[in-house]
Amino acid sequence: MAKRRKRRTRRKKYPIRITPSQGLVFLLTAFCLVIGLRLGLGGQSGEGGFTWRDFYDALQVNAMPQGLEEVPADGQAAHFIDVGQADATLLQSGQEYCLVDAGEASSEEALLSYLDAMGITRLKLLVMTHPHADHIGSMQAVLEHVQVEQVLLPDFDKAPYPTTRTFERVMDTIEQQNIPTVTAKPGQEFTIGEATLSVLANGVETDNYNNLSQVLFFRAPGLRVMLTGDGETEVEEDALAHCELPQADVFKAAHHGSSTSNTLSFLQAIRPQYVVVSCGKDNSYGHPHQEALQNYALVGAQVLRTDEDGSVVIAAIEDGLQCYTASGGQQADSAA
Amino acid sequence: MQELCILDRWEGDTAVIEVSDEADLTHWQRANRGELPAEAREGDVLTRSGQGWQVDREATAARREKMARRLARLKNRGNP
């Protein structure tokens, strides 16, 4: 009887060897999976979830609004750049630009990278609404980074002269570069491409620099924007008393949406379709304040916020306005 | 230069103070309204002592005068 050979099978062991590049791919895949899941859950929960905004914040990246490439080269737009608890508004008419305020010092990277991404090397006009550091903190950097044709300054004779080193450095740079300056006065007009930036009012006598803020009106084909810097109730009352206030499609919330400003009577006079609040996430001042948000609701304005939406762009399109946000929302509205 | 502290702004009851150190690097400090003299105005030069801040009137006047001269030089150098 043939001896039955017992067959023993041995499993060959294949040790798992992962090359560094495979490990990297694996880690990236896992990272994307986690981020994707968290974003998905955040979207479903509606609020309190993890959003792209949080992701960009964590990476300290200033994302450009999605879909912005749709704005044509000869387009008209207002860019409310996410500079945290500060202000920087870029007004665009075709290939000419005006920057109103320049954020705080810590937002220099975000502001300059936004200007670079837009391909901006020259500003037709740079506006200082008032000399607080959350409006001029990166102004020296802007002056050194791009060519500025002219600077519009507030009427400093209406307040004790500002003295901070931040302010002094901006003035040093303007003087060193021999850039023409103009002090704001009601009735002035500046041409930006096909648009006009008008000074409707130039602040009130004050020892609160917020109230040096000009009331500015940007009128471009298909787009009207009202900007009042950090002007408080006194500035709004002065404008109501002395100006014929035009209707605006867009209002940059005064003083980051503070209850010191954004009075109902002012909002009723300009009847904005959109209000954009430039403020930092979880800022310690509680901006935007509830009272201001209520007033925006009372005039039927849609509110966009840089702390939630990232940078916001509102552009004129053929039959109205189109909003673009870094958080991905995109919405078209027919002109009212 | 010596440390230079200047009241940049009031945000409600919070004072936002610009502090420039010996190397002229800028830092920011916040203080409650009660820690500053009631008459403190934006642009005032401040000094620290103990828990509170005082206004340095002489230094404030000197800086306001310096900036007045600067602004007079720059004023309306452009054409509207």
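**Exercise 1. State what share of chain A counts as buried, and how far apart in sequence its contacts lie.**

Solution. Of the 336 residues of chain A, 50% count as buried. A residue is buried if 20 or more other C-beta atoms, placed from the backbone, lie within 10 Å of its own. This is a predicted model, in which local features need pLDDT of at least 70, side-chain atom pairs count only at pLDDT 80 or more, and totals for chains, interfaces and linings use all residues. Residues are numbered from 1 along each chain as its sequence is written, with chains lettered from A and ligands numbered from 1 in the order in which they are written. Next, take the contacts, meaning pairs with C-beta atoms within 7 Å. In chain A, 66% of the contacts with a separation of 6 or more join residues 24 or more positions apart.

**Exercise 2. Find the residues with the most contacts inside the largest nonpolar core, and list the contacts of A:Leu91.**

Solution. A nonpolar core is a set of buried Ala, Val, Leu, Ile, Met, Phe, Trp, Tyr and Cys residues joined through C-beta atoms within 7 Å. The largest has 88 residues, and A:Leu91, A:Cys98, A:Leu99, A:Leu111 and A:Ile314 have the most contacts inside it. Leaving aside neighbours within four places in sequence, A:Leu91 touches A:Ala78, A:Tyr97, A:Cys98, A:Val100, A:Ile192, A:Leu197, A:Phe218 and A:Val225. Another core, of 12 residues, lies apart from that one and includes B:Cys5, B:Ala15, B:Val45 and B:Leu46.

**Exercise 3. Describe the surroundings of strand E12 (residues 223-227) of chain A.**

Solution. Strands (E, at least two residues) and helices (H or I, at least four) are DSSP runs, numbered from the N terminus. Start with burial: five of the five residues of E12(A) are buried. A:Leu223, A:Val225 and A:Leu227 point one way from the strand, while A:Arg224 and A:Met226 point the other way.

Then take the pairing, for which DSSP must find at least two bridges between two strands. Strand E11 (residues 215-220) of chain A pairs with E12(A) in the antiparallel sense over five bridges, and one of these links A:Phe217 to A:Met226. Their hairpin has two residues between the strands, and A:Gly222 takes a positive phi near 85 degrees there.

With strand E13 (residues 250-252) of chain A, E12(A) pairs in the parallel sense over three bridges; A:Leu227 has A:Lys252 as its bridge partner. Finally, E12(A), helix H7 (residues 233-242) of chain A and E13(A) make a right-handed β-α-β unit (with the strands pointing away from the viewer, the path from the first strand over the helix to the second runs clockwise).

How values were computed: Contact = placed C-beta atoms within 7 Å.
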